[in-house]
Amino acid sequence: MKKLVVIGQGYVGLPMALRAAEKGFVVVGLDTNERIVRELGVGRSHIDDVSNEELAEGLAAGYTASSDPTCIADADVVVVCVPTPLSVDGGPDLRPVESAARTIGQHIRHGALVVLESTTYPGTTEEAFAPLVSGDLEIGRDIHVAFSPERIDPGNATFGVQNTPKVVGGLTPACTRAAKDFYSVFVDVVVEAKGAKEAEMAKLIENTFRHVNIALVNEMVRFSHELDIDLWDAIDCAATKPFGFMAFRPGPGVGGHCIPVDPSYLSHRVKAQLGYAFRMVELAEEINAAAPLYVADRLWQALNDNRKSVNGSKVLLLGVTYKPDISDCRESPAVPLAQRLASWGAEISYHDPFVPQWSPRAGAASLSSVEDPYRAACEADAAILLQAHRHYDLERLAAEGSLLLDTRAALPWGGGVNRL
Ligand SMILES: NC(=O)c1ccc[n+]([C@@H]2O[C@H](COP(=O)([O-])OP(=O)(O)OC[C@H]3O[C@@H](n4cnc5c(N)ncnc54)[C@H](O)[C@@H]3O)[C@@H](O)[C@H]2O)c1
C-alpha cells in the first residue's frame, strides 16, 4: 500500500486525506497545531464538510493525524495544503509554505512525489518551494515536484474531492505524469497543465474571475437602487441566455480565505516582477472592500426614513460567516460592517446558528449569538440579513422584523424589508 502524507489538516487537507484513505492509501495528516492533531486522533472533526462519522471511517481505513514530521521519511507522496495568507503590507506571506517545504526537504526520500496545493502566485513551486524540498536531489529523476490547485468549495453538497476535476502541472513532464497517476486514483478527471506555472495561474484565473464579476454586480447594485431597478430580477433574466453569461449576484462583500486574498497574490507578483498594476483586480478589491460600508450607508438611510439615527439604534446582524451554511468567518464582510455601525454609535447584536461567539474587533470582548433571531429582529430597531443560512425561516423574519435590510434578495420585497 502506498503511503501519503498530507501537510496541513484544514478545510483543504483533511477532506483530501480522508478521501485518499478511503481509496486504500496509508495516510498521515501532518499538522503543526497539536490541538487539531489531538482532536482528529480522537475522532473530533473541526471542519464543516467532514462529519465525525466520516472521520471515524477514515481512522478505521488507515488515516492517522500526527505532528511528527519523521512520517515523511517513508512516504511515496507528500501533499502540501498549508495556508497562504497576506502579510501585513498586503503581499504574499509564504512562510507556512516555506516552512513545510523545509520540513519535507529534511526527510524526503528518493522516488517520492511532492505536490503543492496551496493557492499562490505563478512561479512559487519552481522558485520558492522546490529548491527547499529537493536539496541535492534532481527534480524529475530523484523526486517529482508538481503544483495542483485546490478547488474545494466548503458547503457544496454536489461537488467534492472525487467529482471536481483536478489540474496538475509538474516542473518536468515526468513530474506532471507522476502527479496525474497519483490523483487519478481518487479523482474522476485529472487535467494536465503545460507546467506548474500554468496550473498556478489556472487557480488564480478562477478566483480573479469570481472577484471581478462579484465587483461588477456590487457596483451595479448601487446605481440600480438609485434608478429604482431590481438588479436581481435583471440578473435572473440575463441568466436565461443559454450561452456567454454566468450569473453573479450582489451582496455585502466578499469573504473567506480565497476571493479577497488570492487575486492579491497575482497583482503583487505582477507589480513586483514587472512594475505595473493589474488594474482589474485592484478595482475589484476597491469595490468589494467598500461593499460592507455601502450596506452601512443603506442602513443609515433606512433608519433615517423611519426618523431614527444609527446612533443609539439596536442593530441585529443575521449570519456573520462569509457564506451560507458553514461556520467559517475568515475575512467576513460582517466585521467591517459591524465596525462601521459601532463607530456611528449603533448597539450591535448578532445571530448565527454556526457561530456561538463572535467578535467584530480583535481584542474586543466577544458577543454571544442571540437565542431567538425572530424575537431579536422584532426588538431591534433594524436587522440586516447578511447570510441566508438555511436555518432561517425567511418568511417569518420578513413578517416579524420591524426594519430589515436584505443584502441577499432572499426575503419577499415590501413591508419592512429593504433590499440592498
Ligand atoms: N478553504 C478553502 O475553501 C480553500 C479552497 C481552495 C483553496 N484553498 C487554499 O488551500 C490552502 C489551505 O487552506 P485551508 O483553508 O485548508 O487552510 P486552514 O487554515 O483551514 O488549514 C491549514 C492547516 O495547516 C496547518 N499548518 C500551517 N503551517 C503548517 C506547517 N508548516 N506544517 C504543517 N501544518 C501547517 C495549520 O495548523 C492548519 O491546520 C490555502 O492556500 C488556501 O488558499 C482553500
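This passage describes a predicted model, from the surroundings of its ligand to selected strands, loops and distances. Because the model is predicted, local features need pLDDT of at least 70 and side-chain atom pairs count only at pLDDT 80 or more, while totals for chains, interfaces and linings use all residues. Residues are numbered from 1 along each chain as its sequence is written, and side-chain values use heavy atoms, with hydrogens and water left out.

The ligand is a good place to start. It is surrounded by 26 residues, where a residue is near a molecule or strand if one of its heavy atoms lies within 4 Å of it. The closest of these residues are Tyr11, Val12, Asp31, Thr84 and Thr119. By class, the shell divides into twelve nonpolar, ten polar and four charged residues; here Ala, Val, Leu, Ile, Met, Phe, Trp, Tyr, Cys and Pro count as nonpolar, Asp, Glu, Lys and Arg as charged, and the others, Gly among them, as polar. Domain 1 (3-194) and domain 2 (231-419) each supply at least three residues to the shell, with domain bounds taken from an automatic or database domain assignment. Helix H4 (residues 95-107) gives the most to the shell, with three residues. Helices (H or I, at least four residues) and strands (E, at least two) are DSSP runs, numbered from the N terminus.

Several polar contacts can be listed for the ligand. Such a contact is a pair of N or O atoms within 3.5 Å; within protein, one must be able to donate a hydrogen and the other to accept it, and residues adjacent in sequence count only if both atoms are side-chain atoms. An oxygen atom of the ligand is found 2.9 Å from a polar backbone atom of Val12. At Thr119, a backbone N or O atom is 3.0 Å from a ligand oxygen. Ser99 takes part through its side chain, with an N or O atom 3.2 Å from a nitrogen atom of the ligand. On its own the ligand has 830 Å² of accessible area, and the protein covers 89% of this. Accessible areas come from the Shrake-Rupley method with a 1.4 Å probe; for residues, only the protein chains shown count as cover.

Val12 deserves a second look. This residue lies in the loop between strand S1 (3-7) and helix H1 (13-22). Val12 counts as partly exposed because its relative accessible area is 22%, given that buried means under 20% relative accessible area, exposed over 50%, and partly exposed in between (1.4 Å probe, protein chains only). Its C-alpha atom is separated by 9.5 Å from that of Pro83, 71 residues apart along the chain.

Strand S1 itself is mostly covered, with five of its five residues buried. Lys3, Val5 and Ile7 point one way from S1, and Leu4 and Val6 point the other way. S1 runs parallel to strand S2 (residues 26-30), and five bridges join the two; strands pair if DSSP finds at least two bridges between them. Within this pairing, Ile7 has Leu30 of S2 as its bridge partner.

Strand S6 (residues 144-147) is likewise covered on both faces, with His144 and Ala146 buried on one side and Val145 and Phe147 buried on the other. S6 is joined by four bridges to strand S5 (residues 113-116), and these strands run parallel. Ala146 is the bridge partner of Val115.

Among the loops, the one between strand S9 (314-318) and helix H11 (334-343) holds Asp325, and Glu331 lies there too. Asp325 has a positive phi near 65°, and Glu331 has a positive phi of about 55°, although it is not a glycine. Asp325 is partly exposed because its relative accessible area is 22%; Glu331 is partly exposed as well, at 49%.

Thr407 sits in the loop between strand S14 (404-406) and strand S15 (417-419). It is buried because its relative accessible area is 0%. A polar atom of the Thr407 side chain lies 2.6 Å from the backbone oxygen of Leu385.

Two further residues complete the picture. Lys180, in helix H6 (residues 173-184), counts as partly exposed because its relative accessibility is 28%. Gly135, in the loop between helix H5 (124-134) and S6, is exposed because its relative accessible area is 53%. From Gly135 to Gly414 the distance is 65 Å, C-alpha to C-alpha, with their positions 279 residues apart in sequence.
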